[in-house]
Amino acid sequence: MKQIKSMMVVGLGVLLLSGCSSKAERSFMKGCKQMSDSSVCSCIYETLEDQYGSEQVEREVMTYSPSEEFQESMLKTAMQCNMEQ
């Protein structure tokens with residue numbers, strides 16, 4: 001019974017945490033995971049968010065044509081995160 005309660009608490013925690021991500025982050029992660037590992041995708045998104053701020057990253061991710069600067073930064077960040085993993 002104690003194991004079931006622990007599993008329920010962990011499951012609830014995962015649901016709550018996944019609900020906290022923005023639409024842009026979910027969209028980015030969905031696309032990124034098709035090409036890379038989840039931890040690499042998280043590294044990329046968090047690094048870009050630190051560099052540009054959450055609002056700018058959201059604007060760039062949710063447009064069909066992100067700026068050239070953002071695309072270059074995303075590529076550099078992806079290579080760096082990939083090497084760290």
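Welcome to this predicted model, starting in helix H4 (residues 54–62), where Val57, Glu60 and Val61 are buried, meaning under 20% relative accessible area with a 1.4 Å probe and protein chains only, while exposed means over 50% and partly exposed lies in between. They span an arc of only 95 degrees around the axis, so they sit on the same side of H4; the arc is taken from the directions that run from the helix axis to the C-beta atoms. Because this is a predicted model, local features need pLDDT of at least 70 and side-chain atom pairs count only at pLDDT 80 or more, while totals for chains, interfaces and linings use all residues. Residues are numbered from 1 along each chain as its sequence is written, and side-chain values use heavy atoms, with hydrogens and water left out.

**The chain as a whole**

- The chain has five helices and zero strands, where helices (H or I, at least four residues) and strands (E, at least two) are DSSP runs numbered from the N terminus.
- Reading from the N terminus, the order of elements is α-α-α-α-α.
- Of the 85 residues in the chain, 22% are buried.
- Among contacts in the chain with a separation of 6 or more, 49% join residues 24 or more positions apart; a contact here means heavy atoms within 4.5 Å.

**The two sides of H2**

- Helix H2 covers residues 23–32, and its residues Ala24, Phe28, Met29 and Cys32 are buried.
- These four cover an arc of only 125 degrees around the axis, which means that they lie on the same side of H2.
- Lys23 and Lys30 are exposed on the other side of H2.
- The cover over the buried residues of H2 includes H3, H4 and H5.
- The buried residues of H4, in turn, pack against H2, H3 and H5.

**How H2 meets H3**

- Two packed helices are described by the angle between their axes and the distance between the axes.
- The axes of H2 and helix H3 (residues 38–52) come within 9 Å and cross at roughly 140 degrees; axes are lines fitted to C-alpha atoms, for helices over the stretch in contact, and angles run from 0 to 180 degrees between N-to-C directions.
- This angle makes H2 oblique to H3, given that angles under 35 degrees count as roughly parallel, over 145 as roughly antiparallel, 65 to 115 as roughly perpendicular and the rest as oblique.
- The crossing of H2 and H3 is right-handed: the near helix is turned clockwise from the far one by less than a right angle, whereas anticlockwise would be left-handed.
- H2 brings Ala24, Glu25, Phe28, Met29 and Cys32 to the contact, and H3 brings Ser38, Cys41, Ser42, Ile44 and Tyr45.
- Sorted by class, this contact of H2 with H3 holds seven nonpolar, two polar and one charged residues; Ala, Val, Leu, Ile, Met, Phe, Trp, Tyr, Cys and Pro count as nonpolar, Asp, Glu, Lys and Arg as charged, and the others, Gly among them, as polar.

**How H2 meets H4**

- The axes of H2 and H4 come within 9 Å, crossing at roughly 50 degrees.
- That angle makes H2 oblique to H4.
- H2 passes H4 with a left-handed crossing.
- Lys23, Ala24, Ser27 and Phe28 of H2 touch Glu58, Val61 and Met62 of H4.
- This contact of H2 with H4 contains four nonpolar, one polar and two charged residues.

**How H3 meets H5**

- H3 and H5 have axes 9 Å apart and pack at an angle of about 135 degrees.
- H3 is therefore oblique to H5.
- H3 crosses H5 in a right-handed sense.
- On the H3 side are Val40, Cys43, Ile44, Thr47, Leu48, Gln51 and Tyr52, and they meet Glu69, Phe70, Ser73, Met74, Thr77, Ala78, Cys81, Asn82 and Glu84 in H5.
- The contact of H3 with H5 comprises nine nonpolar, five polar and two charged residues.

**Two residues to look up**

- Threonine 77 belongs to helix H5 (residues 68–84).
- Threonine 77 counts as buried because its relative accessibility is 5%.
- Apart from neighbours within four places in sequence, threonine 77 is in contact with Ile44, Thr47, Leu48 and Gln51.
- Lysine 23 is part of helix H2, and its relative accessibility of 57% is why lysine 23 counts as exposed.
- From C-alpha to C-alpha, lysine 23 and glutamate 58 are 8.2 Å apart in space, with their positions 35 residues apart in sequence.
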